[in-house]
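Visitor: I've just opened my first structure and could use a tour. Can we take it one question at a time?

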Amino acid sequence: MKFKMAELADEIFNRTFEREIECKNGTLRIQQAEVGDESCVVWDAALVLAKYIQTDHFCSTDGLINRRVIELGAGTGVVGLIAAACGAHVCCTDLPSVVPLIESNRQINQHLITGSFTANSLKWGQDVSTFQPTPGIILVADCIYYEESLFPLVVTLCDLSDANTTVLICYEERTTGNKPLLEKKFHELVREHFTVKEIPEEHQDPVYHSPDIHLLRLTKKDVKL
Ligand SMILES: C[S@@+](CC[C@H](N)C(=O)[O-])C[C@H]1O[C@@H](n2cnc3c(N)ncnc32)[C@H](O)[C@@H]1O
């Protein structure tokens, strides 16, 4: 098994192209894979989210230093790596096949990490007991994308959070195919469990924001039994 993982990591490493992304304490080098699905490139929503968590607005309301952060559907891992470069303790997650790409990006950027960072497999809807205790912050970029895993994603958000967890979800509004319906369904599902507020553009990064990229802050409803 170890051998297979190493082979896969080599394969990914050998067929990548690099993107440089500035963060507060240096330049991240992010490997994107030439071959693969949507997990293997940095999406615009990831950039908007990664830049927002470095703004004065986020630092004054939440902050990252010494915070426990879980990223879901991390792809290249760029958002989680920036959080770790800003001092957070980050558990970056995606499907098992994507973990080697995140791990390879961790290795390249290890010198920028001032908190800590691990790459882990987590398929939405699965048991999350190994990811306890509850994180202070959950980050999700461009994951309102898959019909079959919309409900499992909301289940995982619920399982990982409590009323003190800040959940930031950033997604690109898409107008084709089933995407508008998925977005509507997602809003209905999360609003059953979370209070949802859109973060206005004036609080986002002055350059990295866009009218078709939505940044949401979710807080779990404190249900008293
Ligand atoms: C559009 S990509 C976004 C990647 C990254 N967050 C970004 O914005 O650059 C969606 C990500 O969700 C992950 N994903 C899809 N279905 C998933 C599932 N059921 N459980 C966990 N991750 C999943 C994919 O592997 C992929 O990395």
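Visitor: Which helices and strands do the buried residues of helix 2 pack against?

Guide: Keep in mind that this is a predicted model. Helix 2 covers residues 44-52, and 8 of its 9 residues are buried, so the rest of the structure largely encloses it. The neighbours that its buried residues pack against are helix 3 (56-61), helix 4 (78-85), strand 6 (137-141), strand 7 (166-172) and strand 9.

Visitor: Are helix 2 and helix 4 roughly parallel or roughly antiparallel?

Guide: Let's start with the geometry: their axes come within 9 Å and cross at roughly 15°. Angles under 35 degrees count as roughly parallel. That makes the answer for helix 2 and helix 4 roughly parallel.

Visitor: How many nonpolar, polar and charged residues are in the contact of helix 2 with helix 4?

Guide: First, look at who takes part. Helix 2 brings Ala46, Leu49 and Ala50, while helix 4 brings Val78, Val79 and Ile82. Sorted by class, that contact has 6 nonpolar, no polar and no charged.

Visitor: What about helix 6 and helix 7: which hand does their crossing have?

Guide: Helix 6 spans residues 150-160 and helix 7 spans residues 179-191; they pack at about 30° with axes 10 Å apart. They are therefore roughly parallel to each other. As for the hand of the crossing where helix 6 passes helix 7, it's right-handed.

Visitor: How many charged residues does the contact of helix 6 with helix 7 have?

Guide: On the helix 6 side you'll find Leu150, Phe151 and Val154, and they meet Leu182, Lys185, Phe186, Leu189 and Val190 in helix 7. Lys counts as charged. The contact has 7 nonpolar residues and no polar ones, and the charged count is 1.

Visitor: On to the sheet! Which strands stand at its edges?

Guide: The sheet is open, with 7 strands in the order 5-4-3-6-7-9-8 and mixed pairing. Each edge strand has a single partner, so one side of each is left without a neighbour in the sheet. The edge strands are strand 5 (116-121) and strand 8 (194-198).

Visitor: Which residue of strand 9 is the bridge partner of Glu198?

Guide: Strand 8 pairs with strand 9 (residues 213-220) in the antiparallel sense, over 5 bridges. In strand 9, the bridge partner of Glu198 is Leu216.

Visitor: Last one: at about what angle does helix 5 run to strand 5?

Guide: Find helix 5 at residues 99-109, lying across strand 4 (89-94) and strand 5. Its angle to strand 5 is about 165°.

How values were computed. Residues are numbered from 1 along each chain as its sequence is written. This is a predicted model: local features need pLDDT of at least 70, side-chain atom pairs count only at pLDDT 80 or more; totals for chains, interfaces and linings use all residues. Two strands pair if DSSP finds at least two bridges between them. Helices (H or I, at least four residues) and strands (E, at least two) are DSSP runs, numbered from the N terminus. Two residues are in contact if their C-beta atoms, placed from the backbone, lie within 7 Å. Axes are lines fitted to C-alpha atoms, for helices over the stretch in contact, and angles run from 0 to 180 degrees between N-to-C directions. A residue is buried if 20 or more other C-beta atoms lie within 10 Å of its own, exposed if 12 or fewer, and partly exposed in between; C-beta atoms are placed from the backbone. Angles under 35 degrees count as roughly parallel, over 145 as roughly antiparallel, 65 to 115 as roughly perpendicular and the rest as oblique. A crossing is left-handed if the near helix is turned anticlockwise from the far one by less than a right angle, and right-handed if clockwise.
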